[in-house]
Amino acid sequence: MKTLRLVLGDQLSRSLSALRDVEISQDVVLMVEAHDEATYVRHHPQKIVLVLSAMRHFAAALRAEGLQVDYVRLDDAGHSGSFTGELGRALSRHPVDRVVVTEPGEWRVWDLMRTWGTTFGIPVEMREDDRFLCARAEFAAWVKGRQGLRMEFFYRQMRRKTGWLMNGDQPAGGRWNYDAENRKALPPHLALPPRRRFVPDAITREVMTLVEQRFSDHFGDLESFGWAATRAEAIEALRHFITNGLPRFGDYQDAMKSGEDALFHAVLSPYLNIGLLLPAEVCEAALDAYPQGSAPLSAVEGFLRQILGWREYVRGIYWLRMPAYAQTNFFDAHRPLPAFYWTGETAMKCLRETIEATRRNAYAHHIQRLMLTGNFALLAGIAPARVEEWYLTVYADAFEWVELPNTHGMALHADGGVLGSKPYAASGAYIHRMSDYCAGCAYDPKIKLGLQACPFNYLYWHFLIVNETRLKPNPRMALPYRTLARMVDEHRRQIVRQAQEFLAGLDSE
Ligand code: FAD
Ligand code: DLZ
Ligand code: SF4
């Protein structure tokens, strides 16, 4: 049966289900660079270059194997701009019996794909994306009959299933979780590993020129592009992390440092999310480091939890709850996104540095995303959809299946507690403890009110005050509400006044 096999820009894995039974003598692989995909949000130019360059390299590798690849470039004459339009045009070029695709990562594209059979009058087989460690049906079965969907219990089930870091049915070292040891602040003189960067080759440089011409008005710098664009390079980035980052990953997972963009983080998420690396091989590379003694158990467990736990869990939640998931707004938050999310122009040093790093690298590490830009948006009551659009726009690893649960659920608690049992709200004290940003800031994290007070301080208490009916019943919020109850009325009034003045003074985008 002659088959047209569509491969998307985040499906660049040779083991992809859509490619598995390819008949080299007759099938055609279709790959499409689509204007719509670069602009449904105005992606960071580094993300567009990464995806398009990796697609071109992947197509070249398939061709070298003898596969017939029909590759549609962004600037090809007659381009319709969309997946649907280009599938239609490809079907008129290739008389095939069926179309095979692997299910896409985003609900938006899945919703399109399910219409294709009827639109084009041809069988369209949508296959499972089995690059993940937990199938969608398996996640749905885990959810059945459960009251709460806590990640920790999902993660334990995944540990048992894979046998990773297990001694029989018990966790290696006697504990499931070394989280408590993963919260150290960074000692001032600790040497940090350099990020593994790759010099753009001719293919990447050609794409960079194209992206500069077409998307120069998108947020983000392109000249500092240093991402891997091939599987071989991505494997090198993985090795670099296992040797240089993993041993200290656990200890300093939650730390932040001025001028340091990645610390001991892996910087592998874009490669995992577009398919240059597979989650199983990344986990196995980390697991191999433990018996060899090159990384301690707390680091390997902490890293495994991010991929085997969080990454699989957020995908499970996304597909379980979409499309309704994106519509909830637990705090009824409607404020527009402040302009400084795009310009970086704010006196708050922690936010300024994070936004500048984001512009430079299309990357920020987890704690910057969660406890700085995310925490501020939560405390300031920014509309979830605006915040989500920002996160989907600015990061090279941003695909909605992983971005949305992290933003909507983890950072903004807009899902009312599906993903996290309480909001990750924090005052300046937390940022001061976990970073060195405050030393060079116009504000002081120890001052609660007045011109020099850290805005995170009064915004934090203001957030608790205005959301008292929503949050006070949550037993995990008992401690801050007990502190609030001890606050004299005049102090509460001053907090509300200063927070309102500050929020009213924010320029919006
Ligand atoms: P490390 O910290 O070194 O972690 C290793 C790997 O674990 C990552 O590469 C990633 O694949 C996985 N991982 C870690 N944390 C998470 C998590 N919470 N959810 C899913 N996978 C995780 N991650 C994305 O891949 N795409 C996104 O669009 C995205 N948006 C986010 C938005 C917000 C508001 C927050 C709080 C987090 C978001 N994350 C997202 C999760 C996390 O911040 C990134 O995966 C991580 O920063 C990527 O950098 P790294 O490779 O250095 O990760
Ligand atoms: C992110 C992205 C971009 C910028 N461009 C393309 C593209 O031109 N062609 C393509 O196949 N995929 C692209 N992607 C990734 C898609 O947006 C992604 O496959 C869908 O969002 C489904 O997850
Ligand atoms: Fe951020 Fe407040 Fe510290 Fe300034 S004082 S860097 S705003 S936490």
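Ligand 3 is surrounded by Met348, Cys350, Ile431, Tyr437, Cys438, Cys441, Tyr443, Pro445 and Cys454, where a residue is near a molecule or strand if one of its heavy atoms lies within 4 Å of it. The shell around ligand 3 holds nine nonpolar residues, no polar and no charged; in this grouping Ala, Val, Leu, Ile, Met, Phe, Trp, Tyr, Cys and Pro are nonpolar, Asp, Glu, Lys and Arg are charged, and the others, Gly among them, are polar. The model is predicted, so local features need pLDDT of at least 70 and side-chain atom pairs count only at pLDDT 80 or more, whereas totals for chains, interfaces and linings use all residues. Residues are numbered from 1 along each chain as its sequence is written, chains are lettered from A and ligands numbered from 1 in the order in which they are written, and side-chain values use heavy atoms, with hydrogens and water left out.

Stepping back to the chain, one finds domain 1 (3-127), domain 2 (136-193 + 245-321) and domain 3 (340-504), with bounds that come from an automatic or database domain assignment. The centres of domain 1 and domain 3, taken over C-alpha atoms, are separated by 39 Å. Even so, 13 residues of domain 1 are in contact with 15 residues of domain 3, contact being heavy atoms within 4.5 Å. The size of an interface is often given as the accessible area lost when the parts come together. For domain 1 and domain 3 the buried area is about 1000 Å², with 57% of it on carbon and sulfur atoms; this is the accessible area (1.4 Å probe) that two parts lose on being put together, summed over both. Zero salt bridges are found across the interface of domain 1 and domain 3, a salt bridge being a side-chain nitrogen of Lys or Arg within 4 Å of a carboxyl oxygen of Asp or Glu.

The whole structure, by contrast, contains 33 salt bridges. One of them joins Glu125 to Arg98, with 2.9 Å between the closest N and O atoms. This pair links distant parts of the chain, since Glu125 is in strand S5 (residues 124-127) and Arg98 in strand S4 (residues 98-102), 27 residues apart. Helices (H or I, at least four residues) and strands (E, at least two) are DSSP runs, numbered from the N terminus. Glu125 counts as partly exposed because its relative accessibility is 31%, and Arg98 counts as buried because its value is 14%; buried means under 20% relative accessible area, exposed over 50%, and partly exposed in between (1.4 Å probe, protein chains only). Both residues also belong to a network of salt bridges that links Arg5, Asp21, Asp27, Arg98, Glu125 and Arg127.

Another salt bridge is formed by Arg360 and Asp261, whose closest N and O atoms are 3.0 Å apart. Here too distant parts of the chain are linked: Arg360 is in helix H15 (residues 349-361), Asp261 is in the loop between helix H10 (246-249) and helix H11 (269-274), and their positions lie 99 residues apart in sequence. With a relative accessible area of 33%, Arg360 is partly exposed. The side chains of Arg369 and Asp397 also meet in a salt bridge (2.9 Å, N to O). Arg369 lies in helix H16 (residues 366-380) and Asp397 in the loop between helix H17 (384-394) and helix H18 (400-411), so this pair ties together parts that are 28 residues apart in sequence. Both Arg369 and Asp397 are buried.

Two helix residues of the chain show what a buried position looks like. Arg56, in helix H2 (residues 45-64), is buried with a relative accessible area of 8%. Beyond residues up to four places away in sequence, Arg56 touches Glu33, Tyr71, Arg73, Ile203, Glu206, Val207 and Leu210. Leu87, in helix H3 (residues 83-93), is buried at 1% relative accessibility. Outside its neighbours within four places in sequence, Leu87 is in contact with Leu4, Leu30, Val99, Trp116 and Phe120.

The backbone holds some curiosities as well. Most residues other than glycine have a negative phi, and most peptide bonds are trans. The peptide bond from Met322 to Pro323, however, is cis, with omega near 5 degrees. Leu165, which is not a glycine, has a positive phi of about 50 degrees, and is buried with a relative accessible area of 10%. Asp332 likewise has a positive phi, near 50 degrees, but is partly exposed with a relative accessible area of 47%.
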